[in-house]
Amino acid sequence: MAMVFAHAHCLDPAKLSVAREEFAAMERLGIVQSSNSAWTSPLHMVPKSDELQQPGDLYRFYPASCSMSAGMGSRSGVPEEKWKAIDVFSTARLVHSLIMVHALEEINQERELGNLTLGYLILDSCGDVTTALIQTQAFMMRNSNNRQACAQQSSPPVLVVIGDYYSEISISVTGQLHLEYIPEISYGATSGFLSDKTRFPSFMRTVPQDDHQACAIAQILDHYGWTWVGVVATDSEYGRYITERLWQHATKKGICFAFVSVLPDALNDELLEEKINSTIKSIIDNRNVSVIISFVKAYCMIDIFGKLLKYPQARGKVWLASDIWSQSPEVLSSQNYKLSDIGTIFGITLKSGNTTKFERYLDDLDENPNHHENNTFLSNFLNEHGTNSSEELKKLIYPYAVFSIELAVKAIAQAVKDLCTNRNCKRQPLQPLELRRALRKATFYMEEKSYSFDHHGDLNSGYDIILWKQTQDSLDVNNILAYYSIEHQNLTFTSQETQQALQRHIGNVTSRCTDSCRPGYRKTSVTGQPGCCYQCEPCAENQYSNSNDSETCHPCKENYYSKNTSSVCLPRKTDFLKWGDVYLIVLLSFTSLGAVLTIVVGIIFLAHWNTPVVRSSVGPISIILLLSLMITFTSVILFGGPPNSYQCQARQVVFGLSFTLCVSCIMVKSFKIVLAFELDPVIQSVLKKLYKPYLIIAVCMAGQVVIVTMWLVHGPPYIDSEITQDNMKLMFCNEKLIPAFGAMLVYIGLLALICFGVAFKGRKLPDSYNDAKFITFAMLIYFISWIMFGPVYVNVTGKYLPAVEMIVILISCYGILFCQFFTKCYIILCKKEANTEKAFRCNIRNYSMDHKGSEDELSSNRVENPTLSASVESQDNWNSVTPPCVSSNSLFPVSNSWNNVLENNLKSTKKTLQRYNSLPPSLIK
């Protein structure tokens with residue numbers, strides 16, 4: 001490179017003295033070298049560049065600020081077209097630099113590091129990656145030159161950098177700083193990519209990464225039920241990362257993005273205007289979107305609001321501002337808009353610190369620009385604002401910046417203190433690598449709390465949730481509503497009143513693709529639509545949903561039910577044949593009446609035990625029959641009331657055995673009657689051998705016992721339930737083995753059929769022995785009732801099914817009771833003249849007259865009278881007694897004319913009378 005020759009020129013004494021001192025220092029550091037060559041270039045004095053510098057006793061720390069100013073002083077090394085595009089002075093960033101200055105000076109003044117003091121150099125990154133890299137390269141050259149002339153160093157090397165605020169700048173700068181192992185501590189860069197220590201081993205930060213912020217935003221959206229939202233982000237590392245993380249967290253909570261608008265990150269991008277117009281169109285077109293999340297920088301929001309508010313339909317939205325602009329009131333004040341024009345602005349900001357000390361620092365700030373020659377940023381600001389400068393600066397104090405920047409300075413001070421505790425750091429200078437290691441291990445304190453970097457170099461301090469408030473003169477962007485805990489991942493409101501006030505303010509805001517599904521419905525997806533756009537389908541019967549936008553209808557628990565579109569399950573009412581049911585009361589009344597009548601009949605029979613009527617009914621068998629009827633009546637009670645396992649098994653068993661005993665007794669009585677009047681001697685002889693009444697009853701009972709035992713062993717009845725049409729739980733006894741139940745009934749029917757056949761054969765016996773007729777009638781009643789029972793029992797359902805069997809049992813029992821006993825009780829109580837031995841002899845005589853052809857057989861075989869016990873002493877006695885005879889149909893006495901007829905025909909019937917006189921004195925009982 002050719003050098004340009006220049007003539008020497010004079011300087012005033014003051015400048016000459018400074019120039020000589022600086023040039024000598026540069027020569028000692030090896031930056032310049034004296035030469036007499038004609039090709040050498042002279043050194044020049046130029047106006048001081050934009051920087052803030054304060055030397056320290058031993059070390060200088062060179063924190064880099066972001067977006068400080070691009071409108072003051074020179075921009076050495078930055079292309080003109082670049083700095084023109086970013087010629088925006090940021091007072092807020094000036095305040096940030098002063099926060100760091102105040103924190104350093106406080107440490108030095110309190111001599112926290114003993115005899116060591118911290119120095120600093122603040123450079124302007126202009127919020128631009130290229131500018132930041134140029135500034136970084138400048139002070140890194142000083143480190144390189146210092147290593148070449150470390151023996152004659154005049155100032156400490158750069159050991160650590162605080163900054164940058166923006167993630168994309170920090171990503172670029174930390175890569176360059178790592179070449180010298182210089183650690184970088186950012187107070188605002190939140191991109192999750194910077195947590196990767198493989199790529200960024202020298203990067204640390206006093207703020208949490210954006211994944212936590214995305215999670216906090218998703219929590220807010222979910223808390224208020226905003227599931228259809230818009231997103232505006234910049235095309236930067238920060239914007240891309242946090243948008244992707246928000247999508248991950250939102251998807252898990254059922255939140256969808258109606259649109260995502262990505263704006264260029266650079267202000268001078270030709271597409272920026274077009275992208276902003278496209279974003280505005282998306283906001284206007286999506287009328288269902290009431291909530292918009294913005295991850296863009298403040299200057300972009302100024303343009304968006306400036307154009308958006310021209311459309312009335314774009315007003316009244318809820319804006320969720322990320323930490324990048326959540327405390328930037330200039331987005332409205334620069335356009336003279338009010339908050340009511342926008343709607344509602346929520347903000348996610350980093351953890352706030354105590355600003356009291358810093359405010360006092362600004363109050364004590366010397367507002368004379370000439371006293372701040374080492375800080376060209378502040379000097380120029382004071383020149384512009386005059387005596388009101390401190391108040392202007394105080395308006396832009398961000399509590400989160402106070403916390404994060406002071407925490408970064410505290411971390412550096414603690415790391416230096418840890419390293420210099422056991423060594424003389426003035427004689428043994430620290431190296432950036434060992435300081436980086438010390439920072440990762442340091443535990444530092446602020447506001448009586450301890451902090452340290454995690455293995456990612458992050459410090460998870462949490463977030464504050466703020467709500468912008470419009471005051472008379474300005475916007476309040478420090479109104480904290482809630483806190484977000486990273487550790488517990490939940491929101492905590494500052495007070496219950498604050499939460500209620502916020503609910504009243506935004507409780508009616510809805511941002512959904514479709515209306516919410518009410519309880520009793522569930523969401524169903526629509527083909528081709530995102531998950532947030534769905535249809536509402538009613539819950540089916542016996543299913544419910546008890547929350548809005550339920551994804552499933554839950555089945556009701558056992559013993560609960562619900563109708564269609566139900567939001568709750570109701571307990572099922574248990575139904576069975578209750579004791580209070582009018583039908584059961586009627587049946588039990590008949591049961592009780594039958595039992596009472598059975599007892600009354602038994603008492604009558606016992607009271608008249610030796611009378612012909614009782615004896616003709618085979619007294620002992622009749623008592624057993626009455627006992628079995630009593631048990632059968634009792635079994636009817638087991639068919640009512642709430643069923644239980646013992647009742648289910650007992651009711652059929654008791655009925656089956658008791659009714660089998662009843663029919664067995666009737667069958668024995670039928671055999672007895674037929675046997676007494678059987679005229680065929682051969683058949684009579686066989687019947688006499690087979691006729692063992694109690695053995696027959698026992699054998700018949702044994703067969704039924706076998707059936708019910710097999711039933712109880714292999715498949716006993718049990719309690720069962722079913723759901724009725726009116727959603728009631730019907731409790732009933734399930735017979736389980738229907739074949740066993742059928743076998744029991746068939747067995748009883750078979751015995752009844754035998755009774756019917758035998759009784760039918762003896763239907764023409766003497767009227768005093770007319771049990772056969774009544775047995776026939778009783779069995780006919782039994783057959784008819786049980787034949788009807790079959791189809792009715794199969795078709796009837798519900799709680800009255802047991803009543804069907806109860807009715808049939810009662811009909812059968814009453815049929816036997818009436819046919820077998822009521823006629824005899826009538827004779828015993830009302831027709832006592834018919835209940836005598838003479839009446840029975842007369843009846844036999846009548847039967848004999850009607851069956852003359854059988855007289856010889858009757859005499860020769862000595863038919864035993866089954867009823868009479870009185871002896872017939874002689875023919876003369878018989879002839880001397882002329883008792884009234886009993887009618888064969890009515891059992892009433894007839895006139896003496898019939899006796900006269902017998903007297904006149906006495907001779908012709910002499911043989912017949914002799915046969916009757918030959919009856920044994922004691923007849924079968």
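**Exercise 1.** Determine how strand E6 pairs with E7, and place both strands in their sheet.

*Solution.* Step 1: E6 (residues 184-186) runs parallel to E7, and three bridges join the two; strands are DSSP runs of E with at least two residues, and helices runs of H or I with at least four, numbered from the N terminus. Two strands count as paired if DSSP finds at least two bridges between them. Step 2: Within this pairing, Ser186 has Arg205 of E7 as its bridge partner. Step 3: The sheet is open, with three strands in the order E5-E6-E7 and parallel pairing. Its edge strands, E5 (161-162) and E7 (203-205), each pair on one side only.

The model is predicted: local features need pLDDT of at least 70 and side-chain atom pairs pLDDT 80 or more, while totals for chains, interfaces and linings use all residues. Residues are numbered from 1 along each chain as its sequence is written, and side-chain values use heavy atoms, without hydrogens and water.

**Exercise 2.** Compare the expected span of helix H6 with the distance between its end C-alpha atoms, and describe its burial.

*Solution.* Step 1: The expected span is 1.5 Å times one less than the number of residues. Step 2: For the 14 residues of H6 (residues 210-223) this gives 20 Å, and the end C-alpha atoms are 20 Å apart, so the two agree. Step 3: Twelve of the 14 residues are buried (under 20% relative accessible area, 1.4 Å probe, protein chains only; exposed is over 50%, partly exposed in between). Among them are Asp210, His212, Cys215 and Leu221. Step 4: After H6 comes Gly225, with a positive phi near 70°.
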